[in-house]
Structure formats: C-alpha cells, structure tokens
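Here is a friendly walk through one pocket and a few helix pairs. Have the structure open as you read.

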Amino acid sequence: MATELQDFLDVIQQVDTFEEFQEATVGLRDFLNIIHVVYHWVNSVGERFGAGTYSSDWVDRYLEKDYLRMDPVLFGCFQRFTPVNWKQLDWSSKAAKAFFRDALDHGVGNQGYTIPLRGPNGQFALLTLNHNATDDHWERFIARYERDLMIVAHEFNKKALSFEAPGDVQSGPALSPRETAAITLIAKGFSRGQAAAEMGISEHTLRVYIESARHKLGAMNTTHAVARALSLGLIIV
C-alpha cells in the first residue's frame, strides 16, 4: 500500500465525530484526484447515515424523487459481495437512463466504482468513488487502487459502526449544538451563506451540519428537516 494511503488510513482511525467522518471523505476524494467520494450506511435498525461530496442539491433531488427504489447501483451492489464498476450494471431501462441523466445534470460523474460492505445485524453500506473519465482511464484507475480501496472501505465501515453504540436507545434524534444552530438559522429564513456567516464557518461546513441533522431526523430534504425539528421541539424559532 502506498505510504500516502497508509497515512490516510491513520486519519480515518482518528475520526471521532460525524464532521470528521465527512472531512475524511473529502480527503479521500482529493487524494485520489476524483470528483466524488460517498459513504452510505443503513444501520441495524434501518436508520440511514451518509457522508460524502455529492452536492446537497443532488442529495435532496435523490430523496425527493425516491430514487432509492430503483437506483441500479444500490440494487446491483445489494446482490453482490464484490466491488462493482458501474459499467457492469444494467442501465438499459427507461427509468435507469432518466436517473443517470438526472445524476449527470447534478454534477455526478459518468464513471463509478462502488464497494458493498456488510456488518452485524443486517448493516449494509456502500463506499462509492465517482469521476468523469473515459472507460480506459477508469479501468486503469480501478486496476491501480482496487486492492487498497477494499481496506479503506472497511476502515470507513468500522468507524461508522463505532458510532452506533450497542443497546443505545433514544426516544428521538439528538442534534448537536452546531446542528441545532444550523437548522434554527435556516428555519428563520437565513440563506446558507448568511447562516454560515452568522455561525462563523464556511458554507461547506454548514452543509455538513445540515446534512448530519437531516440524516438524524430522517428527512427527505432541508425543508423537511426543519419541519421535523420544529414538530419534535428540537428547535424554537
């Protein structure tokens, strides 16, 4: 394994928070010089957790259109235990073609490589690498990194599993102070730029807090997250 990638594994192992986990996906993207890295996890009780570099517009669009029901990548990986080059999947249906065009329009690259991961009690996760490249370039990329990426994927999954404390039962989602502040400002009508400035953070970091809160709340998009937070009494406007 390359020294730089070994160093990156050390970074993953030091992760303690969702925000640091998110930053680790950005670090892997930059190390590999590709456009996106995404980790998506469904835990043992069906809760979803995601981190990565897809735009919030695409994440919201994916949930709004309920693409989870037909995503060829998700279904292709659920049936496999080995990594999947997206070119190996069936994109021939009208729905799959429309989904792919929509993804491209929202900044997703034309090439993908997804590693399925499984954990205890039915946990299922995916680590996806995404880029704009020719088929030949992508094949060379996979050949170069495929063995090391299996190790990286399992380190991501191990860290994600550590966030799920055994026997930890909560009556409702618990937002961190920064997540609460971010959602509260959005609920008050602040734009993302204004909210980031108010909190003294970058818009990228603000997005991390909003996405973390949205996943905890099981919300389809940011508006839905605000509505759920208000109805649960987690924020007051």
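In this predicted model, the lining of the second largest pocket draws at least two residues from each of α2, β1 (36–42), β2 (48–52), α3 (56–64), α4 (72–78), α5 (94–105), β5 (124–131) and α9 (203–217). Which element gives the most to this lining? It is α9, with five residues.

The second largest pocket has a volume of about 860 Å³, and 39 residues line it. If you would like to find its centre on screen, look for H40, V59, Y62, L63 and H215, the lining residues that lie nearest to it. Sorted by class, the lining holds 23 nonpolar, nine polar and seven charged residues.

Several of the helices named above also pack against other helices. Here are three pairs side by side.

| Helix pair | Angle between axes | Axis distance |
|---|---|---|
| α2 and α6 | roughly 175° | within 13 Å |
| α3 and α9 | about 20° | 12 Å |
| α9 and α10 | about 60° | 9 Å |

Let's begin with α3 and α9, which both supply residues to the pocket lining. Their axes pack at an angle of about 20°, and angles under 35 degrees count as roughly parallel, so α3 and α9 are roughly parallel to each other. The crossing of α3 past α9 is left-handed. On the α3 side, S56, V59, D60 and L63 take part in the contact, and they meet R207, E211 and R214 of α9. This contact divides into two nonpolar, one polar and four charged residues. V59 and L63 of α3 belong to this contact, and both are also among the residues nearest the pocket centre.

Moving along, α9 also packs against α10 (residues 222–231), again in a left-handed crossing. Here I210, R214 and L217 of α9 meet T222, A225, R228 and A229 of α10. By class, that makes four nonpolar, one polar and two charged residues. R214 of α9 thus appears in the contact with α3 as well as in the one with α10.

Finally, take α2 (residues 18–32) and α6 (residues 135–162). With a crossing angle of roughly 175°, the two helices are roughly antiparallel to each other. From α2, the contact involves F21, A24, T25, L28, F31 and L32; from α6, their partners are F141, Y145, L149, V152, F156, K159 and A160. The residues of this contact comprise eleven nonpolar, one polar and one charged.

Terms used:
Residues are numbered from 1 along each chain as its sequence is written. This is a predicted model: local features need pLDDT of at least 70, side-chain atom pairs count only at pLDDT 80 or more; totals for chains, interfaces and linings use all residues. Side-chain values use heavy atoms; hydrogens and water are left out. Axes are lines fitted to C-alpha atoms, for helices over the stretch in contact, and angles run from 0 to 180 degrees between N-to-C directions. Helices (H or I, at least four residues) and strands (E, at least two) are DSSP runs, numbered from the N terminus. Angles under 35 degrees count as roughly parallel, over 145 as roughly antiparallel, 65 to 115 as roughly perpendicular and the rest as oblique. Contact means heavy atoms within 4.5 Å. Ala, Val, Leu, Ile, Met, Phe, Trp, Tyr, Cys and Pro count as nonpolar, Asp, Glu, Lys and Arg as charged, and the others, Gly among them, as polar. On a 1 Å grid over the protein atoms alone, a cavity is a set of points where a 1.4 Å probe fits but cannot get out, and a pocket is an open set with protein on both sides within 12 Å along at least five of seven lines; lining residues have an atom within 4 Å of a point. Grid points are joined across faces, edges and corners, and a volume is the space filled by probe spheres set on the points. A crossing is left-handed if the near helix is turned anticlockwise from the far one by less than a right angle, and right-handed if clockwise.
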